[in-house]
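Hello,

Here is the structure we talked about handing over. Please open it before you read on.

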Amino acid sequence: MGPPRSGASKKSTSKSHPGRDSRKEKKRPQQASSRHDQAGQDGNQIDLSATIPLTLQQLLLNVFKTALLPGDGPHDRGHQDKHTAQTPRAETESESEAQTTAPAGKEELDIKSLVQTIKSHLYNRDFDSAFTDADGDLLRAYALRWSASRALGYAGIFKSVLRTLLCGSDGDGDGAQAQTQAQAQAQANETSHIVCIGGGAGAEIMALAAAWRDLMDETVLSDGVGTVLLEDESGGQEQDTAPAATSSPRLAVTAVDIADWSSVVDRLARTIRSPAVTCTKAHPAPLQSQGAHGFVVRFERSDVLSLAEEGLRKILHLDSAAAPARTVLVTLMFTLNELFSTSMAKTTAFLLRATDLLNPGTLFLVVDSPGSYSTLKLGKSAQKDAEADGASAAPQERRYPMKFLLDHTLLSVAAGKWEKIYEQDSRWWRRDAARLRYYVGEGAGLEDMRFQIHVYRRLAD
């Protein structure tokens with residue numbers, strides 16, 4: 001769906017476009033598809049139907065605006081739409097118009113012009129101009145236009161996956177409660193590490209921050225249920241006692257990309273911790289605090305298809321002096337199709353090298369465009385065969401679904417090293433258009449997302 005941000009070379013021949021599915025999506029009625037999907041189909045071992053609260057979704061969007069849109073920061077709140085500080089609710093007609101009308105004050109980024117420039121570069125498949133050689137304004141415009149929507153769509157998926165990985169849940173919905181004290185204590189001394197290949201534009205980082213916040217809020221609430229002491233009516237007092245901390249789980253996220261998204265990542269990482277971001281009482285800022293449940297972000301600029309063994313090992317195994325780190329998840333979100341389009345041989349080699357470096361239990365999450373959007377067209381000449389028959393032939397074109405190439409590499413070539421625990425060929429995420437508020441410039445609103453998803457688990461050799 002998106003252009004190659006992961007480390008694909010500049011010679012990619014993919015025709016994909018970051019917003020191409022939106023033309024069809026906008027014609028479809030709003031519906032919550034995540035709970036009416038194929039989560040229970042044969043072969044799926046986990047449930048990916050989790051969602052995050054609407055007020056937390058709004059906080060995520062406010063972080064994007066504050067971090068990347070000049071004039072929207074904490075220092076310039078005079079023109080801020082007051083409704084964003086309230087719990088999202090059904091809007092009147094006049095309030096709905098505020099989503100598409102600029103607030104008072106000067107907009108320092110010409111979002112409309114920048115988005116059109118990006119689209120033009122992508123149409124011409126000039127990925128160097130769109131990303132690798134792009135200036136900071138162009139990259140920020142891309143993140144504001146496309147990454148915010150994707151982050152909302154990813155957040156529920158990540159919450160489900162994190163719950164499975166860190167809380168001992170098998171999809172029963174009670175993962176936060178299922179964690180034993182021994183498991184919690186073990187995780188207290190270990191940092192869980194997630195590698196997001198192609199994650200420089202910030203969608204995965206923000207989605208993980210929101211999912212981690214929601215999981216930790218659930219855990220604290222669950223741990224604190226038995227600690228509320230109610231005095232008798234004669235005392236007339238109610239006292240909350242904070243639960244004893246039995247664990248302090250930490251999450252480290254490494255975003256890897258061929259383009260220099262460091263400025264965007266730095267802005268988002270700082271704003272994630274800013275208490276000045278507009279918020280609600282249900283989910284106050286900051287999105288992530290400096291407290292016990294640590295959330296750390298780093299950016300690595302690399303071409304994953306050309307990395308030497310040492311470089312790939314460095315990315316996949318975070319070196320942390322503060323605490324031991326364990327890579328638990330590797331993601332390729334709207335990235336793998338681009339890698340295969342760039343070089344099938346190099347991408348296959350990358351997947352096999354990563355397989356050898358990842359520990360048993362690590363999950364591999366792939367999200368990409370569905371259907372024909374993820375079909376790779378590869379030309380192969382039949383000239384030699386034709387000459388043997390005394391005839392001439394034009395080059396043949398073969399079509400390979402990305403899903404086929406992925407399964408072939410991980411389940412056939414690397415047989416016995418992976419198992420597929422979830423797959424769905426077409427899935428929808430739909431925004432709450434009536435209540436989420438996100439104005440960042442003309443032509444840069446939120447959009448729904450349709451995708452395919454595959455999850456693999458590394459087996460013991």
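Below is what turned up, element by element. Keep in mind that this is a predicted model.

**Helix α6**

Start with α6, residues 136-166. The helix counts 31 residues. A straight helix would reach 45 Å at 1.5 Å a residue, yet the end C-alpha atoms of α6 are only 36 Å apart. Look at S147: α6 bends there by about 40°. Most of the helix is covered, with 29 of its 31 residues buried. At the N-terminal end, D135 acts as the cap of α6. A side-chain oxygen of D135 sits 3.3 Å from the backbone nitrogen of D137.

**The sheet**

Next, the open sheet of seven strands. Its order is β5-β4-β1-β6-β7-β11-β10, and the pairing is mixed. β5 and β10 (418-429) are the edge strands, each pairing on one side only. On average, neighbouring strands are turned by 20° against each other, direction ignored. At the β5 edge, strand β4 (residues 250-257) runs parallel to β5, and seven bridges join the two. One pair to check is A255 with its bridge partner F299 in β5.

**Two backbone oddities**

Most residues other than glycine have a negative phi, and most peptide bonds are trans. Two places here depart from that.

The peptide bond between A285 and P286 is cis, with omega about 5°. P286 belongs to the loop between α10 (262-272) and β5 (295-301).

F334 is not a glycine, but its phi is positive, about 50°. This residue lies in the loop between β6 (325-333) and α12 (336-342). Is F334 buried or exposed? F334 counts as buried, because its relative accessibility is 1%, and the cut-off for buried is under 20%.

**D407**

Last, an acidic side chain in helix α15 (residues 402-413): D407. Its relative accessible area is 18%, so D407 is buried. Which side chain makes a polar contact with that of D407? It is K420, at 2.9 Å. Leaving out residues up to four places away in sequence, D407 touches S412, K420 and Y456.

**Where to look**

If time is short, go to these spots:

- S147, for the bend in α6.
- A285 and P286, for the cis peptide bond.
- F334, for the positive phi.
- D407 and K420, for the polar contact between side chains.

Best wishes

Note on methods
Residues are numbered from 1 along each chain as its sequence is written. This is a predicted model: local features need pLDDT of at least 70, side-chain atom pairs count only at pLDDT 80 or more; totals for chains, interfaces and linings use all residues. Side-chain values use heavy atoms; hydrogens and water are left out. Helices (H or I, at least four residues) and strands (E, at least two) are DSSP runs, numbered from the N terminus. The expected span of a helix is 1.5 Å times one less than its number of residues. The bend at a residue is the angle between axes fitted to the seven residues ending there and the seven starting there. Buried means under 20% relative accessible area, exposed over 50%, partly exposed in between (1.4 Å probe, protein chains only). A polar contact is a pair of N or O atoms within 3.5 Å; within protein, one must be able to donate a hydrogen and the other to accept it, and residues adjacent in sequence count only if both atoms are side-chain atoms. Contact means heavy atoms within 4.5 Å. Two strands pair if DSSP finds at least two bridges between them. Axes are lines fitted to C-alpha atoms, for helices over the stretch in contact, and angles run from 0 to 180 degrees between N-to-C directions.
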